[in-house]
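Trainee: I should like to go through this entry and ask what stands behind each label. Could we begin once it is on display?

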Amino acid sequence: MQIPTVPPPVILPRELSRFTQLAYNLHWTWSAPARDCFALVCPALWAATGNPVDLLQQVPPERWRALAGNVKFLRAYGRALAALDTHLSAPRTSGYEARGPVAYFCMEYGWHECLPVMSGGLGVLAGDHTKTASDIGLPFVGVGMLYRNGFFIQRLAPDGRQMNIFPRHDFGRWPVRPVAGKKGRELIVRVELPLRVVLAKVWVAQVGRVPVLLLDTDVPQNMPGDRAITSQLYCRGREVRLCQERLIGIGGVRALRALGIAPSAWHLNEGHCVFLQIERLRELRKRGVKFDEARRRIAANTVFTTHTPVPAGNEQFDPKLVEDYFAADCRALGIQFKQLLELSRERPRTGPVNLTALALRVSSWTNGVSKLNAKVEKDMWRHFWTGSRRRKEADAPCASNGTRLLTSTATNGPGSDRIQAVTNGVHVDTWLGPELAALFDDCLGPDWKLSLCDAAFWRAAMAKIPDKALWAAHAKQKARLVEFCRERIAAMRARHSAPPQDVLDAAVALLCPNALTIGFARRFAPYKRADLLFSDPKRLQRIVSRAGRPVQFVFAGKAHHEDGGGQELVRRVFQWCERPEFRGRIVLLEEYDIAVARQLVQGVDVWLNNPQRPLEASGTSGQKAGINGAPNCSVLDGWWPEAYDGANGWDIGAGREFADPKRQARHDAASLYGLLERDIVPRFYKSRAAWIATMKASIATVLPQFNSERMLRDYVEQGYAPAAGRV
Ligand SMILES: *Cc1c(COP(=O)(O)O)cnc(C)c1O
């Protein structure tokens, strides 16, 4: 689907006019020929920014004219265009037959670091979901927001304090374009707020064949307060947050309608965007459909994904605030506010507005993002269908002691079939390292991408890849990670005014390209327990510094800018890294974003994950590492219980559970040290063949099962197609 846009100014010679399309279609983020072409335009600028729109805006006309006559460049340009055209016209294999597209609503998207409109896993998942929709030709349109100040950039002070920087972004430099409405002018949608109307400009990010509409209230016609509605992702102010959620829901539907798009199914990716259903109700009521019938119809073709058992993902509001904002809508719907309130409450006649509760009631199919997560969510919401108040833990669905949530899931009461599982997966073309991708091309033939979900194919494939070649490809990816860490840490130390020798040490000597390298990168939310590794510093010191068998760790992660506990974790991990016994062997990189994630998951030897079970809904970073041949060493939480088979990685804690989180942490830490000492380190250093067998077991089991094509086909079969068929 192609959305009309306001064209950018023309600066290119006619022979290169399609370069604009290459630069603005995010297909380049998963297509090597386009990136190779960009690198030839201006190697230094491309290396510095990694954003093709910068090339368009900063490379002078005489350079473009020279390129138009440069044979090497023209060949690369031709290859890039051919790859794009092949993608855009590739056979559609989604099997989705309904008339209109699937409309997908999400607060954040992570396609590439040059378009920072995400905070973490949910965004990357949405980015991978849209890329995959384009790959398999699913008719699909996304809706999201464009944030003027984005999500904060993390810098660390010399004492490890996290500093949160909110840059002011210039959307003109991003690979997004304003959507053209009537007469070619910028498309604007209007959303009513109490006593005023707010306008939102509609932009589009073109993701291969999939457009994603992005709303932006920072337009001169709005009052200053309203211009700031789309300033920050996940701002904490309750009222602004409610405005954002009204905007994406109601404004999103209006943007689709303005473009003549009639979706056949709707996907609420997390409850934040649930108000789109209010707009759809209003449309039906206006056409004279009775309220109950309208509610049945909008639910019938709506799919809802709930992502996390922690409170941040299950947003709540004071009913009074919601009444201020939705009283007029209720009048238009011909209902009392009380009725909307009852639809939005977890329990009858009491408690706050809960967006997850509302989403459950206005959709017909709901899923969690791993089998374990679906089970936990089912238990969390059991009372919701039974009305039962018997079970105490059900009264506190977000209990901080996650263990109890898990151990109480043995039952299958009414409603227990209401939350299905679609386990997350990752976009292979985005996350597989270039050296490994080239190796697959060589050993498996170029069509391996047609067999992504075929487990037998991947088992057989491993026999076709010579051990030596796999090791060599991995070594290159790892060398790039070490180089990347050196640059980042040297730059940080220079900024900290460290002694020149320290900066130099970081730049040339930090980490060892041959040592066993373990990665840990995630949001520093307390339940992810980033400091578990440091539970017994003496034992850790022995592990990292044994002669002939060195071990090193690379950490990265941001704590939410309002999360004091998480920021304290960042500070503590930083300070451990600075201790003499760990300095240079354990590092913490600033600003965990897609660029950092890419280097880490492609370069490490082992991926470490030790959350407090069962609070990790799925986790996808371990999947990214797993397809690159880095086995997971993880607590059996999220996706890992579905993948772990004893040969493709390690399970921390052996599934044992304790009610007391402190005791659990002691148990898990001891288990982690034991695994490192007895198995991981010896296997890595004693037997290359045994290690490569583990790498291959990881690729062969993780790739076919936990890629985003498998995930999206599950959504089509279980969610989208049945939903579209219900109306
Ligand atoms: C993949 C990814 C995540 C998700 O990581 P999990 O901790 O495994 O959920 C978060 N942030 C970035 C930048 C990622 O690339």
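Mentor: Domain bounds are taken from an automatic or database domain assignment. For this chain, the assignment gives domain 1 (14-88), domain 2 (102-424) and domain 3 (475-687). The model is predicted: local features require pLDDT of at least 70 and side-chain atom pairs pLDDT 80 or more, while totals for chains, interfaces and linings use all residues. Residues are numbered from 1 along each chain as its sequence is written, and side-chain values use heavy atoms, without hydrogens or water.

Trainee: How far apart are domain 1 and domain 3?

Mentor: Their C-alpha centres are separated by 36 Å.

Trainee: What makes residues 455-464 a helix, α21?

Mentor: Helices are DSSP runs of H or I with at least four residues, strands are runs of E with at least two, and both are numbered from the N terminus. Residues 455-464 form such a run, α21.

Trainee: Which residues of α21 are buried, and which are exposed?

Mentor: Buried means under 20% relative accessible area, exposed means over 50%, and partly exposed lies in between (1.4 Å probe, protein chains only). Trp-458, Ala-461 and Met-462 of α21 are buried. These three are on the same side of α21, because they cover an arc of only 100° around the axis; the arc is that of the directions from the helix axis to the C-beta atoms. Arg-459 and Ala-463, on the other side of α21, are exposed. The cover over the buried residues of α21 includes α20 (434-444) and α30 (688-705).

Trainee: How do you know that Asp-454 caps the N-terminal end of α21?

Mentor: A polar contact is a pair of N or O atoms within 3.5 Å; within protein, one must be able to donate a hydrogen and the other to accept it, and residues adjacent in sequence count only if both atoms are side-chain atoms. A side-chain oxygen of Asp-454 lies 3.1 Å from the backbone nitrogen of Ala-456, so the pair satisfies the distance limit.

Trainee: Why is Ser-451, in the loop between α20 and α21, called buried?

Mentor: Its relative accessibility is 17%, so Ser-451 counts as buried. Contact means heavy atoms within 4.5 Å. Leaving aside neighbours within four places in sequence, Ser-451 is in contact with Phe-457 and Trp-458, the latter being one of the buried residues of α21.

Trainee: Which residues come nearest to the ligand?

Mentor: A residue is near a molecule if one of its heavy atoms lies within 4 Å. There are 15 residues around the ligand, and Arg-522, Ala-597, Thr-620, Ser-621 and Lys-624 come nearest.

Trainee: What makes Arg-522, Ser-621 and Lys-624 polar contacts of the ligand?

Mentor: A polar side-chain atom of Arg-522 lies 3.2 Å from a ligand oxygen. For Ser-621 the corresponding distance is 2.6 Å, and an N or O atom in the side chain of Lys-624 is 2.6 Å from a ligand oxygen. Taken alone, the ligand exposes 390 Å², and the protein buries 94% of that (Shrake-Rupley areas). Elements giving two or more residues to the shell are α7 (121-136), α26 (594-603) and α27 (621-627).

Trainee: Why is Val-601, in helix α26, called buried?

Mentor: At 1% relative accessibility, Val-601 falls in the buried class. Not counting residues up to four places away in sequence, Val-601 touches Trp-431, Trp-607, Ser-621, Lys-624, Ala-625 and Asn-628. Two of these, Ser-621 and Lys-624, are also listed among the residues nearest the ligand.

Trainee: How do you know that Arg-486, in helix α22 (residues 467-495), is buried?

Mentor: Its relative accessible area is 13%, so Arg-486 is buried. Its side chain reaches the backbone oxygen of Leu-510 at 2.8 Å. Apart from neighbours within four places in sequence, its contacts include Ala-506, Leu-511 and Pro-513.

Trainee: What is noted about the backbone of Leu-511?

Mentor: Leu-511 has a positive phi of about 55° although it is not a glycine. It lies in the loop between α23 (500-509) and β15 (516-521), and its relative accessible area of 6% makes Leu-511 buried.

Trainee: Where else is phi positive in a residue other than glycine?

Mentor: Glu-270 has phi near 80°. It lies in the loop between β9 (265-269) and α10 (276-286), and at 6% relative accessibility Glu-270 counts as buried.

Trainee: What kind of peptide bond joins Arg-613 and Pro-614?

Mentor: The bond is cis, with omega about 0°. Pro-614 lies in the loop between β18 (606-609) and α27.

How values were computed:
Accessible areas come from the Shrake-Rupley method with a 1.4 Å probe; for residues, only the protein chains shown count as cover.
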